[in-house]
Amino acid sequence: MNNFLQRTITGLFFVIAIVAGLWWHPLAYMTIFAIVIMLGMYEFIRMIEGLDAKVRVLWALTIGLFLYLSSFFIFYAGLQPRWLVVMVPLVGGVFLTELYLKNKNSLLNIATTLIVPLYVALPFAFLHHLAFFQGDYGYEILLGFFLLIWGNDSGAYLVGSLIGRRKLFPSVSPAKSWEGAIGGFLFAAGISVFNFYLMGTLGLIDWLVIGALVSVLGTYGDLIESMLKRSVNIKDSGCVLPGHGGVLDRFDAVFFSAPAVSCYLLFC
């Protein structure tokens with residue numbers, strides 16, 4: 001199958017699943033991204049296997065899932081934030097495990113175990129702020145955020161494929177071009193205007209700023225994930241999404257843009 005057609009079909013089903021989950025119910029939104037996080041952490045752990053390190057899988061998955069779910073229920077069900085103190089013994093457990101296993105690579109094992117939830121799960125916890133920005137659950141800002149990500153990705157891909165000449169970061173991602181990055185930025189700007197008129201909720205300037213953050217930091221997220229994959233000599237993080245690679249390949253734009261957008265809404 002032509003790669004673009006395969007990418008389009010997979011992307012269509014992917015978008016429908018995400019949009020339906022956001023629109024249907026907050027628990028559906030939570031469940032979909034909990035699955036995304038678990039798959040993403042598993043992919044990242046598989047990537048780390050290329051290093052001389054042993055990720056403590058149970059600890060990594062438990063910390064990541066707890067971080068994501070506890071922050072969700074703080075917003076959704078009024079869970080007291082003090083429950084986040086449970087993170088202390090969870091992180092401590094990683095260190096104690098290495099102490100008793102007496103592994104020669106303890107420092108590397110601890111570092112790689114902790115970076116899995118921090119890199120994959122923590123950014124998705126910031127999405128809860130977007131979902132509950134108005135107090136009660138609302139899908140509008142979340143949906144607008146993902147429309148910006150998809151628009152930036154699609155614009156960069158289409159423009160870069162058609163007229164891309166100047167390499168953006170050839171040492172990390174030879175296929176990406178400045179033309180594609182600018183195309184993605186312009187697509188994101190257009191979708192920002194669309195979000196303002198369709199979603200409401202935020203002002204036009206807010207949507208334009210969010211669009212710029214998503215475009216720039218989403219591109220950096222893509223480049224950083226490419227750098228990580230190159231460091232372990234793999235092309236895709238996985239194969240769960242035909243034409244798109246793995247979950248990390250599809251959501252790499254979230255990792256830096258979601259915290260930035262959350263901070264913008266919190267402080268601006």
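Let's start with Glu-140, which touches Gln-134, Met-199, Thr-201 and Trp-207, leaving aside residues up to four places away in sequence. Please keep in mind that we are looking at a predicted model. Where does Glu-140 sit? Its place is in helix H7, which covers residues 140-163. Glu-140 counts as partly exposed, because its relative accessibility is 22%. You can also try finding Val-254 from here: the C-alpha atoms of Glu-140 and Val-254 are separated by 17 Å, and the two residues are 114 apart along the chain.

Now follow H7 along to its partner, helix H8. At what angle do H7 and H8 pack? The angle is about 150 degrees, and the axes are 7 Å apart. Angles over 145 degrees count as roughly antiparallel, so that is the word for H7 and H8. As for handedness, H7 passes H8 in a right-handed crossing.

Who meets whom there? On the H7 side, the residues include our friend Glu-140, along with Leu-143, Gly-144, Leu-147 and Leu-148. Further names from H7 include Gly-151, Asn-152, Gly-155, Ala-156, Val-159, Gly-160 and Ile-163. On the H8 side, look for Glu-179, Gly-180, Gly-183, Gly-184, Phe-185 and Phe-187, among others. Met-199 of H8 is in this contact as well, and you may remember Met-199 as one of the residues that Glu-140 touches. Sorted by class, the contact of H7 with H8 has twelve nonpolar, ten polar and two charged residues.

Let's pick one residue from the H8 side, Glu-179. Glu-179 lies in H8, which spans residues 178-199. Is Glu-179 buried or exposed? Its relative accessibility is 13%, and therefore Glu-179 counts as buried. Leaving out residues up to four places away in sequence, Glu-179 touches Val-159, Ile-163, Gly-164, Arg-165 and Arg-166. For Arg-165 we can be more specific: its backbone nitrogen lies 3.1 Å from a polar atom of the Glu-179 side chain.

On to another pair of helices, H9 and H11. H9 is made of residues 204-231 and H11 of residues 254-267, and their axes come within 7 Å, crossing at roughly 155 degrees. That angle makes H9 roughly antiparallel to H11. The crossing of H9 and H11 is right-handed. From H9, the contact uses Asp-206, Val-209, Ile-210, Leu-213, Val-214, Leu-217, Gly-218, Gly-221 and Ile-224. From H11 come Phe-256, Ser-257, Ala-260, Val-261, Tyr-264 and Leu-265. What does that contact look like by class? There are eleven nonpolar, three polar and one charged residues between H9 and H11.

Finally, let's visit two loops. Lys-102 is in the loop between helix H4 (87-101) and helix H5 (106-125). What is the phi of Lys-102? It is near 55 degrees, a positive value in a residue other than glycine. Lys-102 counts as exposed, because its relative accessibility is 72%.

The other loop residue is Asn-233, found between H9 and helix H10 (247-251). Phi of Asn-233 is near 60 degrees, again a positive value in a residue other than glycine. How accessible is Asn-233? Its relative accessible area is 71%, so Asn-233 is exposed.

When you turn the model yourself, try going from Glu-140 in H7 to Glu-179 in H8, and then on to Asn-233 in its loop between H9 and H10. Thanks for listening!

Terms used: Residues are numbered from 1 along each chain as its sequence is written. This is a predicted model: local features need pLDDT of at least 70, side-chain atom pairs count only at pLDDT 80 or more; totals for chains, interfaces and linings use all residues. Side-chain values use heavy atoms; hydrogens and water are left out. Axes are lines fitted to C-alpha atoms, for helices over the stretch in contact, and angles run from 0 to 180 degrees between N-to-C directions. Helices (H or I, at least four residues) and strands (E, at least two) are DSSP runs, numbered from the N terminus. Angles under 35 degrees count as roughly parallel, over 145 as roughly antiparallel, 65 to 115 as roughly perpendicular and the rest as oblique. A crossing is left-handed if the near helix is turned anticlockwise from the far one by less than a right angle, and right-handed if clockwise. Contact means heavy atoms within 4.5 Å. Ala, Val, Leu, Ile, Met, Phe, Trp, Tyr, Cys and Pro count as nonpolar, Asp, Glu, Lys and Arg as charged, and the others, Gly among them, as polar. Buried means under 20% relative accessible area, exposed over 50%, partly exposed in between (1.4 Å probe, protein chains only). A polar contact is a pair of N or O atoms within 3.5 Å; within protein, one must be able to donate a hydrogen and the other to accept it, and residues adjacent in sequence count only if both atoms are side-chain atoms.
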